[in-house]
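Colleague: I have a model open and want to learn how to read it. Can you take me through it feature by feature?

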Amino acid sequence: MQTTLSDSARRLPRAEEAESILRTCVHCGFCNATCPTYQLLGDELDGPRGRIYLIKQVLEGNEVTQKTQEHLDRCLSCRNCETTCPSGVDYHNLLDIGRAVVDAAVPRPLGQRLLREGLRNIVPNPGLFKRLVGSGQVFRAWLPDTLQAKLPRSTPPVKPVPRTQHARQVLILEGCVQPGLSPNTNAATARVLDRLGISAVTAREAGCCGAVDYHLDAQAAGLQRARRNIDAWWPHLERGVEAIVQTASGCGAFVKDYGHLLERDPAYADKAKKVSALARDLVEVLREEPLEQLGVHSDQRLAFHCPCTLQHAQKLGGAVEATLTRLGFNLTAVPDSHLCCGSAGTYSITQPVLSRQLRDNKLNALESGQPDVIVTANIGCQSHLDGANRTPVRHWIELVDAALPPPLTGASS
C-alpha cells in the first residue's frame, strides 16, 4: 500500500523497515480469516489488516488515541497472519514498531502501568517467581480462582539429571517461569539428550530471553537482556557447543530474532547473528538423532497443542507431531490446530477475558479426540491450558522421558 511517513516517523531507527513492511501489504484481508481476535470480535480494527492501517495512520502523523493502543494491545502476536499472508508481510516487526510509537504517545492508566511494571519485575526473575509459586501452593485454598488457575495443579519431585560429560554438548536456556511452574521439563530434556550421547549445559549468567520486557512497553530493557545472554553464552560458543536449545518455543522465537533486533548495534550485531543461527528448539535437535535406539514405549493417547511461537514464528508446525509419531506415541487429531490458545506470554493476564475464550475454544478442539494427556512445547501454553483444570497438560519431552526404559546397569541416569 502507498504510504508517506511523517517527518518524526522518518527519524525513527526502524523507519525504513516500517515503510517497507507497509508497502508490502496489499490490504487483501486474507489474514483476518485466521486471526483469533478478529474471529472472536468481528471488528476490522481487531484484525491484522485493521491494525496495519492504524499503524500506517500513526506513522503518517495522524492522531494517536487510547483506542489505537487498545486495538494494538489486543493483538496476541501469534503471527498466524504471517503464515496466511500471500504477500509475506512481516507483521510482527511492524507491530513492534507501531506499539513503541503508540506507547510513547499515549500514557497508560495507573492500574495498567502498575500491572505491566509488576510483571516485568516478577516474571523474568526465576528465583523470585519460584518463591512466589511455592508460597501460592501453600496458601492455595485462600487464593481467588483467577490466581489458583495460574498455579500448577501439582509439582512432582524433580528426578536427578545425568552427570556424564559427553563430547557433544548443547547449551540449555533454563527460562524464567518454567523452573517454577514445570521444573521437570529441563531435567527431562537433559535425561533424554544423555541417552543420545549429548550433554546439556547451562550458562549461569544467562537469564530471561528478553521477550517479557520487549512486549510490555520496555523494548530497550528487553534488548539489554538479550545482550547479557549473548555475553553469557559466548565463551561456550567459542568452546564449540553445538547449539543453544530452548524447551520453551516462546523463548526460542525471541532468541532466533536476536540477529534482527540487534543488527544496528555495532558491538553485538555479529554475535547476535551467530547466536540466532545456533538457536534451536528442542525438536530440531531430537529429530536429527537416532530416536529408535531410545526404546520408548507408551500406550497413552496424546493430543499435541502446537504453540503459535513454534508453528508460525519458527515455522516448525508438524515437527513435534512427526517426532512423537516416530517414537511410537498415539496422537489424536486436533481440529483448527493453527489457532492460538490465548496464552501469548503475559496476554492471559493483561487481556484475561479474550484469553479465557480462546483457551476454552482450544481445549474443546484438543479434547475432541479424547486424549489421556495434552502435550505442548511452551510453558506459557502449558500453564494456561492446564489452569482450566480439565485434561492434564504437560511438556512433550516429559512424556518421552517417562516412556524411556530403565538405563542399563553402569550407564548414566
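Modeller: We will go through cavities, a pocket, two sheets and a buried helix, in that order. Keep in mind that this is a predicted model.

Colleague: Start with empty space. How many cavities of 30 Å³ or more does the structure hold?

Modeller: The general idea comes first. Rolling a probe the size of a water molecule over the atoms shows where empty space is left. Here, the structure holds 2 cavities of 30 Å³ or more. The largest cavity has about 130 Å³ of space.

Colleague: Which residues lie nearest the centre of the largest cavity?

Modeller: They are C25, C31, I52, C85 and V89, out of 15 lining residues. Two elements give two or more residues to this lining: α4 (48-59) and α6 (80-84). The largest share, 3 residues, comes from α4.

Colleague: What is the lining of the largest cavity like by class?

Modeller: It has 10 nonpolar, 3 polar and 2 charged residues.

Colleague: And what is the volume of the second largest cavity?

Modeller: About 60 Å³. Its lining includes C35, P36, T37, P48 and R51. C75, L76, S77, C78, R79, C81 and Y91 also line the second largest cavity. The elements that give two or more residues here are α3 (36-41) and α4. By class, this lining divides into 8 nonpolar, 2 polar and 2 charged residues.

Colleague: Now the sheets. In what order do the strands of the open sheet with β1 run?

Modeller: Read a sheet by strand order, then by pairing sense, then by its edges. In this open sheet, 4 strands stand in the order β2-β1-β3-β4, and the pairing is parallel.

Colleague: Why is one side of β2 and of β4 left without a neighbour in the sheet?

Modeller: β2 (198-201) and β4 (279-281) stand at the edges with a single partner strand each, so one side of each has no neighbour in the sheet. Next, check the turn between strands. On average, neighbouring strands of this sheet are turned by 40 degrees against each other, direction ignored.

Colleague: How many bridges join β1 and β2?

Modeller: Strand β1 (residues 168-173) pairs with β2 in the parallel sense over 4 bridges. For a concrete example, find L171: its bridge partner in β2 is V201.

Colleague: Which helices lie across these strands?

Modeller: Look at α12 (residues 184-195). This helix lies across β1 and β2, and runs at about 170 degrees to β1. Then take α17 (residues 269-278). Helix α17 lies across β3 (244-246) and β4, at about 25 degrees to β4.

Colleague: What about open space? How much lies in the second largest pocket?

Modeller: About 480 Å³. Of its 22 lining residues, V161, E174, N186, A187 and T202 lie nearest the centre. The elements that give two or more residues to the lining are α11 (178-181), α12 and β2. So you meet two familiar elements again, α12 and β2.

Colleague: Which element gives the largest share of that pocket's lining?

Modeller: Helix α12, with 5 residues. The lining of the second largest pocket divides into 11 nonpolar, 8 polar and 3 charged residues.Colleague: Move to the other open sheet, the one with β5. What is its strand order?

Modeller: The order of its 4 strands is β6-β5-β7-β8, with parallel pairing. The edge strands are β6 (330-331) and β8 (393-395), and each pairs on one side only. Strand β5 (residues 301-305) and strand β7 (residues 373-376) pair over 4 bridges in the parallel sense. H305 has T376 as its bridge partner in β7.

Colleague: Is helix α23 mostly covered or mostly uncovered?

Modeller: For burial, the cut-off is under 20% relative accessible area. Helix α23 (residues 379-386) is mostly covered, with 7 of its 8 residues buried. Among them are I379, C381, H384 and L385. The helix lies across β5, β7 and β8, at about 165 degrees to β8.

Colleague: One residue to finish. Is L324 buried or exposed?

Modeller: L324 is found in helix α20 (residues 319-326). Its relative accessible area is 1%, so it counts as buried. Leaving aside residues up to four places away in sequence, L324 touches L302, F329, L331, V375, W396 and V400.

Colleague: How far apart are the C-alpha atoms of L324 and L399?

Modeller: They are separated by 9.6 Å, with the two residues 75 apart along the chain.

Methods. Residues numbered from 1 in each chain as written. Predicted model: local features only at pLDDT ≥ 70, side-chain atom pairs only at ≥ 80, totals over all residues. Heavy atoms only, no water. 1 Å grid on protein atoms, 1.4 Å probe; cavity = no way out; pocket = protein on both sides within 12 Å on 5 of 7 lines; lining within 4 Å. Points joined across faces, edges and corners; volume = space filled by probe spheres on them. Nonpolar A, V, L, I, M, F, W, Y, C, P; charged D, E, K, R; others polar. Pairing = 2+ DSSP bridges. Axes fitted to C-alpha atoms, helices over the stretch in contact; angles between N-to-C directions. Contact = heavy atoms within 4.5 Å. Buried < 20%, exposed > 50% of the residue type's maximum accessible area, 1.4 Å probe, protein only.
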